[in-house]
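Reader: I'd like to learn how to read a fold from its coordinates. Could you walk me through a helix and a strand?

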Amino acid sequence: MEIDRRNGRLKKKFIVPAILSSAMLVGSIPAFAQTANSSLASSGQVSKEWNEKASVPLFVKERFAEKFTSSNAVNAIHYLKKNQDKTGLNNPDKNLKVKDTQKDTLGMTHVRFNLAVNGVNVEGSEVVVHFNKNNEVVSVNGRINETITDDAVDTTASLSSNAALKKALSSVNAPDELTYEPTSELVVFPFEGKNHTAYKVNVNFMGDEPGNWFVFVDAKTGEVIDKYNGLMHADEMKTQKGAGKGVHGEHRELHITQVKEPNSGTRFALADYAHENLGGIETYDAKNDNTSSNDTLYVGNSAAFISDYDRAAVDAHYNSEKVYDYYLNEHGRNSLDGKGMAIISKVHYGTNYNNASWNGRWMTYGDGDGQFMTSLSAGLDVAAHEMTHGVITHSANLVYRNQSGALNESFADVFGALVDDSDWEMGEDIMAPAAKADGVTVLRSLSNPNSVVVSNEQRRSYSTNGGVYPDHMDEFYNMPTSVDGGGVHVNSSITNHAAYLIGQELGREKLGKIYYRALTVYLTSNSDFSDARKAVVQSATDLYGEGSAEEAAAKSGFDSVGIY
């Protein structure tokens, strides 16, 4: 979700608890730097053409598919090699690495590949081969880099991984305390007219300006090519029933756990271990500071959490279980990663903090300033939005800028509205009285985006529609990546509205099934709005048949907002 962030170097001090973040609400995300020298960078059309060739959409649909003995990576490669003229993908047996293979409830198998050079992954280039239950290849989609065949890439690194890490930490002003150990991967990174061999470094920290930074460091020169902020444990214990009072006074039934602390007897923690094959649902107290080192599991003296300070934690804990149940019951997904990872929330983050976020490991909720927002954990749609960022991280992993970033935000909004099914608005339960008195009753609207003014003045300056959220591509906000990552929290309203229109035709349940399939089966990291249309339409076709009313509704929804 997003609201406001600022950024904050390393001495090997890492913090343990694990889960995720991409901000949901209002405010401004840190600038996404563009720092690379290229002879093509200022050459207009030439650079544009090269960049388009570096990320070419691929969608092939077979009418008379070849049948194989089994649905696996070997046969997927065999198909791709035989059909290079259809896909435009040269030497697939040499240039593709298997990422994963998944079978779905329709009996289809999806083999996902990364494009690679000398075994080094090409950033943003993925191909997915889809088999039906009869072991026939029925479609192929993804994005490929057509410059790789024309441009030999030297994938040797002169720089060490540690040196790249130091450079990355310095470039984002990382604080001493990091939430988890940084990761580094050697990749081929297409950027402004050149395929660079680079280290992709992920650095995550909290503080005044939380960051989940991805920094691309040239593996030969040590220069930072590009960077963007992607800030979208107990002993065996018996879980029991407890209760609490939410932010707005609601009575909440909770799953809690008894804990024994030295010299204090039995106490009770907001820790839910009642779900089979799930690492737990845990809620932490961030204690109104900006450091994670002293965050602790939220513990009370009784099984009733009813004090004013408890309320944010009660809602975070309750809403996390509601979202977990939705994904499990509606889509058969066990937690955010589909494998039962623990779901961790942290409340009382910062002071008067108007934000909620997913940092790649856990959810964080501010208390709001009492003027614009109340405690953000009060919103079920907010919790669903943030947790969906976690689902996205573990599926399509949409890059958090430009159109792919807007899709990241949009899918989080759509599932926020599906879980909190009382309306098609986002954030209605977290707006403070003063904001409501000024007419600001929601953050965004899927049903009528134009009814909400973009509150951030800098973003609003790029408007062609009077400063309201757009509902059609004619109103697309053309922003640089230094502003809201290229409009991820604004342009998302266009695809939000398409989803709403489809939902009006088909109902929430079918919309959820179609969108979940599009997200987890067809979308890839660099997908744009047009790719999303193809993914949603194909998902409707898979689920309900070619020529079905559901397929027609999916097409109509995107037609209505000008996405083809």
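Author: We'll take the chain as a whole, then one helix, then one strand.

Reader: Sure. How many helices and strands are there in the secondary structure of the chain?

Author: This is a predicted model, and its chain has 15 helices and 24 strands. Of the 564 residues, 61% count as buried. The chain exposes about 21800 Å², with carbon and sulfur atoms supplying 46% of that.

Reader: Where does pLDDT stay under 50?

Author: Start with the average: the chain comes out at a pLDDT of 88, and 89% of the residues score at least 70. Residues 1–43 stay under 50, although the model gives them 223 contacts beyond four places in sequence. Residues 233–237 are also below 50, and that stretch has ten contacts beyond near neighbours in sequence.

Reader: On to the helix. What should the 15 residues of helix H12 span?

Author: Count 1.5 Å a residue: H12 (residues 492–506) should then span 21 Å, and its end C-alpha atoms are indeed 21 Å apart, so the two agree.

Reader: And why is H12 described as largely enclosed?

Author: First the general idea: an α-helix has 3.6 residues a turn, so residues three or four places apart point the same way. In H12, twelve of the 15 residues are buried, so the rest of the structure largely encloses this helix. Among those buried are Ile494, His497, Tyr500 and Leu506.

Reader: Which elements do the buried residues of H12 pack against?

Author: Their partners include helix H8 (402–419), helix H13 (508–522), helix H14 (529–544) and strand S24 (444–445). Right after H12 comes glycine 507, with a positive phi near 95 degrees.

Reader: Now a strand. How many of the eight residues of strand S6 are buried?

Author: As background, in a regular strand the side chains alternate between the two faces of the sheet. Here S6 (residues 137–144) is mostly covered, with seven of its eight residues buried.

Reader: In which sense do strand S2 and S6 pair?

Author: Antiparallel: S2 (residues 56–61) pairs with S6 over six bridges, and leucine 58 stands opposite glycine 142 in S6. Strand S5 (residues 120–131) also pairs with S6 in the antiparallel sense, over six bridges. There, valine 128 stands opposite asparagine 141 in S6.

Reader: What do S5 and S6 form?

Author: A hairpin, with five residues between the two strands. Look at asparagine 135 in the turn: its phi is positive, about 65 degrees.

Key
Residues are numbered from 1 along each chain as its sequence is written. This is a predicted model: local features need pLDDT of at least 70, side-chain atom pairs count only at pLDDT 80 or more; totals for chains, interfaces and linings use all residues. Side-chain values use heavy atoms; hydrogens and water are left out. Helices (H or I, at least four residues) and strands (E, at least two) are DSSP runs, numbered from the N terminus. The expected span of a helix is 1.5 Å times one less than its number of residues. Buried means under 20% relative accessible area, exposed over 50%, partly exposed in between (1.4 Å probe, protein chains only). Contact means heavy atoms within 4.5 Å. pLDDT is the predictor's confidence in each residue, from 0 to 100. Two strands pair if DSSP finds at least two bridges between them. Accessible areas come from the Shrake-Rupley method with a 1.4 Å probe; for residues, only the protein chains shown count as cover.
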